[in-house]
Amino acid sequence: MSNPSAPEFPESLLWLNAAPTSLREKRGRVVALVFVNAASAWSWQRLRDVTQLQTRYPGRLQPLVVHVPRFESERVPQQALKQLRRQGVSFPVAHDRDWQAWQRFKVESWPTVILIDADGEERERIVGLHSTGQLERALAALCEELPELRDDEDARPGHELGPEPRLPLCFPTGLAATSDRLYVADSGHHRVLECTHSGRILRQFGMGLADFIDGDLEQAAFRRPQGLSLVRDALYVADTGNHALRRIDLLTDRVETLCGNGRAGEPIEGLVTTPRAAALNQPQDVAATDSEVHIAMAGDNRIWTYSLGNHQMRCLAGSGKLDLGDGAGAMASFAQPVALAAVQQMLYVCDALGSAVRSVQLRNAVVQTLIGQGIWEFGDTDGPRDQARLQNPQAIALSPDAPLLWIADTGNGTLRTLRLGGGQVATVELPRKLHGPAGLAVVEGSVWIAETDAHAVLRLDIASGQLEHVPIGE
């Protein structure tokens, strides 16, 4: 019995970084049709899986990405492409603005990978992330059926139209600041920078190549590092691409791994006594104290805590279910936590897919939603926090001298504030819209902003409202 032929792409598909193509044109090699959403951590991980598999079958496997928007901002093609490029995606990407391809191919959730053989027939459909082995086996069987390699330019990894410009920074994200230093997670260049406030680079941690290596600053390696947290002479790094928590000793220039074995997975339940051997799931941000490091684990929708004293890790809060649910410990639910801010016995959490800001009381792990109404509720509204709306926020930071939480409202391209206690949300007046802000730090009257999609760092003078570009490495 033959397999059904895969339908052709709808004419409404907009190809973002490659010439328009069709499945008929790809006959002769295996096509992995990957349906994703640019804001979804689960989609990011599946794209990384496909990237690794393509290197095994050069010329025989052609991944094609179909992006389906979740947020209103993602309906703008260039914004969607920027989000995918943050994850290192260089496959041909088609923008399914009105979900027509989603319906034509009868997709029900992302990520979904549809495998189409060299004759144009659908052979397998892999849904979700708990089937990596199935994906590997199915691709191996299909690719090994092909008699010979095909080496054409369009099939090579990394070949795309209109790539990102070559600049000193590439998708910077996490920031940490002191009275005279600025630390930047230069995610796309796989390194962490120590800079002066004027932008002069003093030290680079990581060789600049994606890898997972401890050691001195010239020898160590990161893979798409994101969040940063500084406590005295220790800089903690959410090494997202390596699924690890790393620490940089600023006195010795040494980089070491505290948690994570470099592979994606969910840590075991209960107390993790050997965190260096554990699998983490896309840690996006960290918030460190003298005794603990809290980790926002975007891939498993939980908040974890690593003890600096006994070197053990435990789940602080979250059931693992993607939702906005208040409660204590495992009774609560998060919707892709991506940013943290800690003060005394309170931890603030930014939930990207919930367009929400949450609080966690560290004494009893009670979670409360401060802003956010549900995982499909988003907008751009100021006012009392129970009425305010955000859209896919990516970063938060606390003012050290005021009960004020700063929010990078990424989907709306704005900077927002939440007055703690009173609960009012306000939009900060800026001279222009921000391009994909995904990192914040506040120190001594300044807000430092990672304008991620513009490959830049900005400084906002709170008193005057002046916004200026910081020429890092220029």
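## A sheet, a pocket and some buried residues

Strands β27 (residues 404-409) and β28 (residues 414-419) run antiparallel to one another, paired over 6 bridges. Keep in mind as you look at this that the model is predicted.

That pair belongs to an open sheet of 5 strands, in the order β25-β29-β28-β27-β26, with antiparallel pairing. At the edges sit β25 (383-384) and β26 (395-398), each of which pairs on one side only. On its other flank, β28 pairs with β29 (residues 424-427), again in the antiparallel sense, over 3 bridges.

Want to trace the register by eye? Leucine 404 stands opposite arginine 419 in β28, and aspartate 409 has threonine 414 of β28 as its bridge partner. Over on the β29 side, threonine 417 stands opposite alanine 426. As for burial, β28 is mostly covered, with 5 of its 6 residues buried. In general, side chains in a regular strand alternate between the two faces of the sheet.

A few glycines with positive phi are handy landmarks here. Two of them are in the hairpins of this sheet, and another comes after helix α2:

| Glycine | Where | Phi |
|---|---|---|
| Glycine 413 | hairpin of β27 and β28, 4 residues between the strands | positive, near 65 degrees |
| Glycine 421 | hairpin of β28 and β29, 4 residues between the strands | positive, near 95 degrees |
| Glycine 88 | follows α2 | positive, near 85 degrees |

Now to α2 itself. This helix is mostly covered, with 7 of its 10 residues buried. Which ones are they? The buried residues of α2 are Ala80, Leu81, Lys82, Gln83, Leu84, Arg85 and Arg86, so by the cut-off used each has under 20% relative accessible area. Charged names such as Lys82, Arg85 and Arg86 are on that buried list too. Their packing partners, taken for the buried residues together, are β2 (30-36), α1 (41-54), β3 (61-67), β4 (93-95) and β30.

Helix α2 (77-86) also turns up at the second largest pocket, where it supplies at least two residues of the lining, as do β7 (172-177), β12 (228-231), β16 (283-288), β21 (337-343), β26 and β30 (437-443). The volume of that pocket is about 980 Å³. It has 48 lining residues, and the closest to its centre are Leu175, Leu228, Leu340, Ile396 and Leu440. Sorted by type, the lining comes to 29 nonpolar, 17 polar and 2 charged residues.

Next, a tryptophan to click on. Tryptophan 102 is in helix α3 (residues 100-104). Is tryptophan 102 buried or exposed? It counts as buried, because its relative accessibility is 10%. Leaving out residues up to four places away in sequence, tryptophan 102 touches Phe35, Val68, Asp96, Val107, Glu108, Ser109 and Trp110. Phenylalanine 9 lies 93 residues from tryptophan 102 in sequence, and their C-alpha atoms are 10.0 Å apart.

Finally, the cysteines. How many disulfides are there? The count is 0. A disulfide is a covalent bond between the sulfur atoms of two cysteines. Take cysteine 259: the closest cysteine sulfur belongs to cysteine 315 and is 13 Å away, so it is too far for a bond. The cut-off for calling a disulfide is sulfur atoms within 2.5 Å. Cysteine 259 counts as buried because its relative accessibility is 0%. Cysteine 143 counts as buried too, with a relative accessibility of 0%.

Key: Residues numbered from 1 in each chain as written. Predicted model: local features only at pLDDT ≥ 70, side-chain atom pairs only at ≥ 80, totals over all residues. Heavy atoms only, no water. Pairing = 2+ DSSP bridges. Buried < 20%, exposed > 50% of the residue type's maximum accessible area, 1.4 Å probe, protein only. 1 Å grid on protein atoms, 1.4 Å probe; cavity = no way out; pocket = protein on both sides within 12 Å on 5 of 7 lines; lining within 4 Å. Points joined across faces, edges and corners; volume = space filled by probe spheres on them. Nonpolar A, V, L, I, M, F, W, Y, C, P; charged D, E, K, R; others polar. Contact = heavy atoms within 4.5 Å.
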